[in-house]
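Me: I'd like a close look at one helix in this model and at what surrounds it. Could you walk me through it, residue by residue where that helps, and then work outwards to the rest of the chain?

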Amino acid sequence: MTSSVPLPYLQAYPPSLQQQAMGLVQSGKLGDWLLQRHPQAHQMRSDKALHGYVTGLKTEYMRNAAPLAKVVYDSKLQLVYQALGIHMRSGKNHGGKTQSRHEIRIVSLFKHAPEPFLRMIAVHELAHLRETDHNKSFYQLCEYMEPAYHQLELETRLYLTWLDAGGKRLWKDARDSDDSGDDR
């Protein structure tokens with residue numbers, strides 16, 4: 001671990017929480033804490049499985065929202081610049097009518113993460129189907145779909161902080177050799 005830990009993923013949190021996180025990173029205990037909270041990675045490794053998972057959440061909580069054209073893991077997304085995933089809306093003009101297509105792309109690092117982290121990201125991106133801005137209504141919708149949304153967002157950001165500080169990936173499955181590159 002590095003002696004000076006940058007906390008770009010935690011800048012919106014109170015200084016006291018940032019200090020706690022820094023202490024856990026510097027002592028090398030943050031990884032163990034995360035593994036105690038979330039001992040296993042999910043099994044949705046393919047884009048098809050991810051699409052089914054996100055579509056299931058959408059069907060359960062947002063039946064009337066626009067359909068999803070694509071849900072994929074994307075190794076080209078940059079965590080710092082494009083957060084954990086993105087929701088894209090594109091329009092095509094057919095005979096004077098515009099048809100919207102909605103896509104959700106999730107950073108491929110999360111192929112090997114706990115299911116609650118994946119759920120938090122999926123819920124966040126699904127909420128953008130109804131609310132484009134990160135406002136009160138947006139976060140209420142996130143909490144409706146995942147009551148522990150804010151705690152899971154914090155824990156996901158702590159994991160990213162762990163990785164930025166030089167910590168090893170915690171949930172990498174040795175049997176998965178299809179994406180041996182660094183997804184960050």
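Reply:

**Helix α5 and its surroundings**

Eleven of the 13 residues of α5 are buried, so this helix is largely enclosed by the rest of the structure. Keep in mind that we're looking at a predicted model. The buried residues of α5 are Phe117, Leu118, Arg119, Met120, Ile121, Ala122, Val123, His124, Glu125, Leu126 and Ala127. That list takes in Arg119, His124 and Glu125 as well as residues such as Leu118 and Ile121. On geometry, α5 spans 18 Å from its first C-alpha to its last, close to the 18 Å expected at 1.5 Å a residue.

What does the helix pack into? The largest nonpolar core has 52 residues, and Leu126 is among those with the most contacts inside it, along with Val54, Met62, Ile106, Phe110, Met145 and Tyr159. Helix α5 (115-127) supplies at least two residues of this core, and so does each of α1 (15-27), α2 (30-37), α3 (47-61), β1 (68-74), β3 (97-107), α6 (136-145) and α7 (149-164).

Now for the rings. Phe117, one of the buried residues of α5, forms one aromatic cluster with Tyr159 and Trp171. Within that cluster, Tyr159 and Trp171 make an edge-to-face pair, 4.8 Å centre to centre with 65° between the planes. Tyr159 belongs to helix α7 and Trp171 to the segment after α7, twelve residues apart, so this pair links distant parts of the chain. Both Tyr159 and Trp171 are buried. Tyr159 also turns up among the core residues with the most contacts.

The structure holds six aromatic pairs. Another of them joins Tyr139 and Tyr149, with ring centres 6.1 Å apart and planes at 50°, so that pair is tilted. Since Tyr139 lies in helix α6 and Tyr149 in helix α7, the pair ties together parts that are ten residues apart in sequence. Their surroundings are worth a glance too: Tyr149 is buried at 0% relative accessibility, while Tyr139 is partly exposed at 25%.

Helix α1, another contributor to the core, has two glutamines to look at. Gln18 is in α1, and a polar atom of its side chain lies 3.1 Å from the backbone oxygen of Leu10. Leaving out residues up to four places away in sequence, Gln18 touches Leu7, Leu10, Gln11 and Tyr13. Gln26, also in α1, is partly exposed, with 39% relative accessibility. Its C-alpha is 8.6 Å from that of Ala165, although the two residues are 139 apart along the chain.

Stepping back to the whole chain, there are seven helices and three strands, running α-α-α-β-α-β-β-α-α-α from the N terminus. Of its 184 residues, 47% count as buried. Among contacts between residues at least 6 apart in sequence, 67% join residues at least 24 apart. The chain exposes about 10,000 Å², with carbon and sulfur atoms supplying 48% of that area.

Terms used
Residues numbered from 1 in each chain as written. Predicted model: local features only at pLDDT ≥ 70, side-chain atom pairs only at ≥ 80, totals over all residues. Heavy atoms only, no water. Core = buried A, V, L, I, M, F, W, Y, C linked by side-chain atoms within 4.5 Å. Buried < 20%, exposed > 50% of the residue type's maximum accessible area, 1.4 Å probe, protein only. Helix = DSSP H or I, 4+ residues; strand = E, 2+ residues; numbered from the N terminus. Phe/Tyr/Trp six-rings, centres within 6.5 Å; stacked < 30°, edge-to-face > 60°. Contact = heavy atoms within 4.5 Å. Areas by Shrake-Rupley, 256 points an atom, 1.4 Å probe, with all protein chains shown as cover. Expected span 1.5 Å × (residues − 1). Polar contact = N/O pair within 3.5 Å; in protein donor to acceptor, adjacent residues only side chain to side chain.
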